[in-house]
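Me: I should like a close look at one part of this model, followed by an account of the surfaces around it. Please keep to what can be read from the structure itself.

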Amino acid sequence: MADPRFFDRLGPFTLRALAEIGEAEIAAGADPDRELIDVATLDAAGADELSFLNNPKYLSAFESTRAGACVIAPKHEDRAPKGIALLISKTPYRAYGIIAHAFYSDEIDASPSGAADLIDPTATIGTNCEIGPGVSIGPSAKIGDNTSIGTNTVIGRGVQIGQRGRVHANVTVTHCLIGSDCVVHTGARLGQDGFGFAPGANGHTKIPQLGILRIGDDVDIGANTTIDRGSSTDTMIGDGCRIDNLVQIGHNVVLGQGCIIAGMSGISGSTHLGDFVMVGGQVGIAGHLRIGDGARVAGGAGVMTDIAAGASYGGLPAVPVRDWHRQSVTLRRMIKNKGTSDE
Amino acid sequence: MADPRFFDRLGPFTLRALAEIGEAEIAAGADPDRELIDVATLDAAGADELSFLNNPKYLSAFESTRAGACVIAPKHEDRAPKGIALLISKTPYRAYGIIAHAFYSDEIDASPSGAADLIDPTATIGTNCEIGPGVSIGPSAKIGDNTSIGTNTVIGRGVQIGQRGRVHANVTVTHCLIGSDCVVHTGARLGQDGFGFAPGANGHTKIPQLGILRIGDDVDIGANTTIDRGSSTDTMIGDGCRIDNLVQIGHNVVLGQGCIIAGMSGISGSTHLGDFVMVGGQVGIAGHLRIGDGARVAGGAGVMTDIAAGASYGGLPAVPVRDWHRQSVTLRRMIKNKGTSDE
Amino acid sequence: MADPRFFDRLGPFTLRALAEIGEAEIAAGADPDRELIDVATLDAAGADELSFLNNPKYLSAFESTRAGACVIAPKHEDRAPKGIALLISKTPYRAYGIIAHAFYSDEIDASPSGAADLIDPTATIGTNCEIGPGVSIGPSAKIGDNTSIGTNTVIGRGVQIGQRGRVHANVTVTHCLIGSDCVVHTGARLGQDGFGFAPGANGHTKIPQLGILRIGDDVDIGANTTIDRGSSTDTMIGDGCRIDNLVQIGHNVVLGQGCIIAGMSGISGSTHLGDFVMVGGQVGIAGHLRIGDGARVAGGAGVMTDIAAGASYGGLPAVPVRDWHRQSVTLRRMIKNKGTSDE
């Protein structure tokens, strides 16, 4: 289930209600009055929760799920475990998105309580903190001792920030737990929705983003950088990471300890970096990849494959840095030779 | 003329005054006391409006314009339609910029009315809206029913936002009309000036940006993304578009319905995308291009040509994706062969 | 020394205290009770100041420094000038960072004086200024005549902005001197810490960024753009520059007059651009380079070498634009030929 410090859940809903909401059909044998209390992944769902199967890669997880109900495409109906209630949809991810949205409504990331009440009475502020003017701190948020929050920064509901933190001006932090000794530079956006939706020919259906963002100790996050919270698992930034300005980190990304990410780089959803990975400026790393400990990526590279621990990559698409330099040299030679004969 | 909900116009000015302001010369036969009330494009200008010709591509539009006056370079004087009053300048775009600035002065994008009056009394707020603390809403702005505006967000003069909108914290929206069911994530900047100026050896002259930004229904705009308003025509984002974090969309860009733009991509001025175009992360698309319906652009690509409907492109410069993969394979093979003989 | 308008200095400290703070050893012959009042570069340091040597490139500067004390690696001990007090560390840059931090503590970039006191009483506001609601202006800041500051913008301690400025909403400006006739668009971040730290296997040590940001007259800075202040020298933006949205400019970068930097480009630390350099969109320029007057860089390029005045470069890695086009043509031909024989 989504972390109740950050998300309010509605429901329960009957299978019949969810079928109607998700524009799906109840498969034969399922009890329309069965009550579901939450959505969850195939692995995590229990008997009173609803899951979904969209990617055939997860068929075996589907066959062994303990979920009480599941949204699936018609073609996978025969793989269902016994006793599960099926909702049949030609667009199961879209149907799941709509249903998840019924459990977890959108909520605006700030206590809308009016200018007279910037700091929620249920928020906890440590000793020796500086809180600038115009700072808003949401319900149940906790700010550690000796932490400063700059002017006009917005701290959402349930957010926790450790000791000796420096959160500069005009920052937004929601759905996020931050360790001690962290610096968040001006204009950074932490914990907002990731880019998650079920694409469709008649429109793209938003999938509620129900994970959070976890940031370790001694992390430095640059100006106007954006780090999305997780979609179901959490986005995680390890201890000691240094992240420069205008970096984008997608949902469910995991950074190990001590990673260095230079300015304007982007890490797409669900990619994992090991410890002490170094990423140059304006690098793009595609989604769902694994980058090993101590790997290095040269500035401007576009990474489309896993990278082994300790390896150095560069170029678009990225290849081992040595090969990239050879490619460049080869190209330069070719046009020199051509030039001689052409002109 | 510029939309009076967003822009205040000064004037009228005599041709003599405008010649002086723009450091241009009045051509023989023109009446220096002729009054002009506005600037406009060659196509749209009427008898009491001033236009300009900078690019020879528009010579035929110049020949048939109904503009009362026009700033042009000396070499095009003989192409002028009858009765038009000419201002002659060696730098007509620069002269136009200065003149347009006389009609439309800079204005800061917030009601500067002091902290006691964050929401202008002429603004309209629908029913069941949440308005966070520190939110500023400008004169004549309209917020639809059930829309929420996050803490410290600034909504400029004349802005309209439809129903069920979610505008998160620390956002800035000016010169912009937004449909219903839209989400604007934290730190997004909508409707500011585009990058428009007349370059010059002694300095670059700003051209007033007199268009607006129009956003359809069911659009999702990511954190810290920037979308500039139009320079004379409008910037337009079609229904159902999904735009990720840290995206830049230039002035006069048009996105059709259901486009998906992944993080850190940039679309340069006056480029048009059709419906359901998919753009990967960190893509750059040059200005004044046409990208057809359903086209796809791979992450990291640099697009410098039009793309036909349904085509897939990748690489820098971008070529059909199949060719890009072949180029990469070819390069990898070449250095392998070289490697064998070199070492 | 760091500019006292922006930085508060602690100290003096004895050599003994600094050795302990920096986990370094005092070399034989040095007086542990010697007092140091500041940190400084090898060139600038005086008899009561401490410097450091990290890069062998600066060995001759070390040999002739007038610094009273210096942190160095053991291997360089024999190159020391007479009379200097040495602190020996295997990680001298890290040790320097910790020591510099003792002199210059972190400070949050806003007057934390509570919502009732947004504009510090020691700030000076010119005549005919507009100051939006929620604007915070720090101690000793100076705003010139006829300058407007948009809603919720934060102006830090000591910042100066000239006449006729337009600083839009939700901007942050710290450690920065801005000339007259400048426009700063919404969400821009000016003067924050650069990406400066001593990397280490057990963690990366932050180096205090003690320079400032100097912006000339008639400069235009785009929405959500970030410009870091200097680390020891200053970051400088020349008169008449035009900088688009979502641009990143690193610490100690120098831009000459009239440079044009299109959207989403990044200039890494300590690189210098001459006058009237034109940089296309999504360009990356590596650190410590020299780009000559009037040079041009095509969109999407990754610049890894110096560029001569007047030259045009493109590609990744960037080469002269003509060569880049030839490389592209050559690659396209090669796969065409391959295609014929392969299929």
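In which loop of chain B is Pro317(B) found? Please start there, and then describe how chain B meets chain A and chain C.

Reply: The model is predicted: local features need pLDDT of at least 70 and side-chain atom pairs count only at pLDDT 80 or more, whereas totals for chains, interfaces and linings use all residues. Residues are numbered from 1 along each chain as its sequence is written, chains are lettered from A and ligands numbered from 1 in the order in which they are written, and side-chain values use heavy atoms, with hydrogens and water left out.

Pro317(B) belongs to the loop between strand E37 (312-314) and strand E38 (319-320) of chain B; helices (H or I, at least four residues) and strands (E, at least two) are DSSP runs, numbered from the N terminus. The peptide bond between Leu316(B) and Pro317(B) is cis, with omega about -5°. In chain A, a cis peptide bond links Gly11(A) to Pro12(A), with omega about 0°. Pro12(A) is in the segment before strand E1 (13-14) of chain A.

Two other loops of chain B hold a residue, not a glycine, whose phi is positive. Asn152(B) has phi near 65° and sits in the loop between E12 and strand E13 (154-155) of chain B. Asn152(B) is buried, its relative accessible area being 1% (buried means under 20% relative accessible area, exposed over 50%, and partly exposed in between, with a 1.4 Å probe and protein chains only). Met264(B) has phi near 70°, and its place is the loop between E29 and strand E30 (266-267) of chain B. Met264(B), with a relative accessibility of 9%, also counts as buried.

We turn to the surface between chain B and chain A. Here 47 residues from chain B and 55 residues from chain A are in contact, that is, they have heavy atoms within 4.5 Å. The two chains bury about 3700 Å² between them, with 62% of it on carbon and sulfur atoms; buried area is the accessible area (1.4 Å probe) that two parts lose on being put together, summed over both. On the chain B side, the residues that lose the most area to chain A are Pro133(B), Arg242(B) and Ile335(B), together 15% of what that side buries.

The rule finds 1 salt bridge across the interface of chain B and chain A, where a salt bridge is a side-chain nitrogen of Lys or Arg within 4 Å of a carboxyl oxygen of Asp or Glu. This salt bridge pairs the side chains of Lys206(A) and Asp220(B) at 3.3 Å, N to O. Polar contacts join 16 residue pairs across this interface, both residues at pLDDT 80 or more (a pair of N or O atoms within 3.5 Å; within protein, one must be able to donate a hydrogen and the other to accept it, and residues adjacent in sequence count only if both atoms are side-chain atoms). Among the elements of chain B that give two or more residues to the side touching chain A are strand E12 (148-149), strand E29 (260-261) and helix H4 (321-342). H4(B) gives the most to this side, with 8 residues. By class, the side of chain B that touches chain A has 18 nonpolar, 20 polar and 9 charged residues; Ala, Val, Leu, Ile, Met, Phe, Trp, Tyr, Cys and Pro count as nonpolar, Asp, Glu, Lys and Arg as charged, and the others, Gly among them, as polar.

Next comes the surface between chain C and chain B. There, 47 residues of chain C are in contact with 55 residues of chain B. Chain C and chain B bury about 3700 Å² between them, 62% of it on carbon and sulfur atoms. Pro133(C), Arg242(C) and Ile335(C) are the residues of chain C that lose the most area to chain B, together 15% of what that side buries. Across this interface, the side chains of Lys206(B) and Asp220(C) form a salt bridge (3.3 Å, N to O). The rule also finds 17 residue pairs in polar contact between chain C and chain B, both residues at pLDDT 80 or more.

Finally, the arrangement of the copies. A turn of 120° with a shift of 0.0 Å along the axis lays chain B on chain A with an RMSD of 0.0 Å, copies being superposed by least squares on the C-alpha atoms of residues with pLDDT of at least 70 in both. These two copies are thus related as by a three-fold rotation axis. Chain C is superposed on chain B by a rotation of 120° with 0.0 Å of shift along its axis, at an RMSD of 0.1 Å.
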